[in-house]
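Q: Please take a close look at one part of this protein and then set that part within the whole chain. I would like a connected account that I can follow with the structure open beside me.

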Amino acid sequence: MAATMKDLGIDRLGVQERLTLMHEIWDSIAAEPGRTHLTDAQRRELERRLADHQANPGDVVAWEQVKAEALARFQK
């Protein structure tokens, strides 16, 4: 059985500590390319999105706009 947050004591960490740990875990996974595999559904979705982008390369939203809109939602 896989270890849980409680088993590892992660549930006792503060939010910032858990976020830091999450980033470290994510980075460790990303450092091992080829070790994770997409499901067929995930692969199809990525292919669909890529095809849509290639068909409509100008249909994009600038990161600055996305970020500003997201931040505005949390400041209300």
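A: I25 is partly exposed, because its relative accessible area is 42%, a value that falls between the 20% limit for buried and the 50% limit for exposed. This residue is found in helix α2, and the model in which it is seen here is a predicted one. If you follow the chain onward from I25 to T39, you cover 14 residues in sequence, and the two C-alpha atoms are then 21 Å apart in space.

Helix α2 comprises residues 15-30, and M22 lies in it as well. With a relative accessible area of 43%, M22 is likewise to be classed as partly exposed. The side chain of M22 takes part in a nonpolar surface patch of about 270 Å², which it makes together with V15 and L19. Residues enter such a patch if they have over 30% relative accessible area and no salt bridge, and the 43% of M22 can be read against that limit.

Moving along the chain, the next helix to examine is α3, which spans residues 40-55. Here the side chain of E45 meets that of R48 in a salt bridge, with 2.6 Å from N to O. E45 and R48 are three residues apart in helix α3, and therefore about one helical turn separates them. E45 also forms a salt bridge with R49, at 2.8 Å from N to O. In this second pair the partners are four residues apart in helix α3, so that about one helical turn lies between them too. Through the partners that these salt bridges share, E45, R48 and R49 are joined into one network. The count of salt bridges by this rule comes to two.

The members of the network can also be described by their accessibility. E45 is partly exposed, at a relative accessible area of 28%, and R48 is partly exposed as well, at 47%. R49 is exposed, because its relative accessible area of 52% is over the 50% limit.

Beyond α3 the chain enters the loop that leads to α4 (63-74), and D59 lies in that loop. D59 counts as exposed, with 62% relative accessibility. Its C-alpha atom is separated by 30 Å from that of P33, a residue 26 positions away along the chain.

These details can now be placed in the whole. The protein has four helices and zero strands, and from the N terminus on its elements run α-α-α-α. The C-alpha trace spans about 50 × 40 × 20 Å along its principal axes. Its radius of gyration is 18 Å, whereas a compact globule of 76 residues would have one near 11 Å. Buried residues make up 3% of the 76 residues, and the protein exposes about 7400 Å², of which carbon and sulfur atoms supply 57%. As for charge, the protein carries 11 positive and 13 negative charges, and the mean positions of the two sets are 5 Å apart.

To return to the part you asked about, helix α2 holds I25 as well as M22, and I25 is partly exposed at 42% while M22 is partly exposed at 43%.

Methods:
Residues are numbered from 1 along each chain as its sequence is written. This is a predicted model: local features need pLDDT of at least 70, side-chain atom pairs count only at pLDDT 80 or more; totals for chains, interfaces and linings use all residues. Side-chain values use heavy atoms; hydrogens and water are left out. Patches are made of residues with over 30% relative accessible area and no salt bridge: like charges are joined within 9 Å, nonpolar side chains (Val, Leu, Ile, Met, Phe, Trp, Tyr) within 5 Å. Accessible areas come from the Shrake-Rupley method with a 1.4 Å probe; for residues, only the protein chains shown count as cover. A salt bridge is a side-chain nitrogen of Lys or Arg within 4 Å of a carboxyl oxygen of Asp or Glu. Helices (H or I, at least four residues) and strands (E, at least two) are DSSP runs, numbered from the N terminus. Buried means under 20% relative accessible area, exposed over 50%, partly exposed in between (1.4 Å probe, protein chains only). The radius of gyration is taken over C-alpha atoms; the globule rule is 2.2 Å times the number of residues to the power 0.38. Lys and Arg count as positive and Asp and Glu as negative; His and the chain ends are not counted. The place of a charge is taken as NZ of Lys, CZ of Arg, CG of Asp or CD of Glu.
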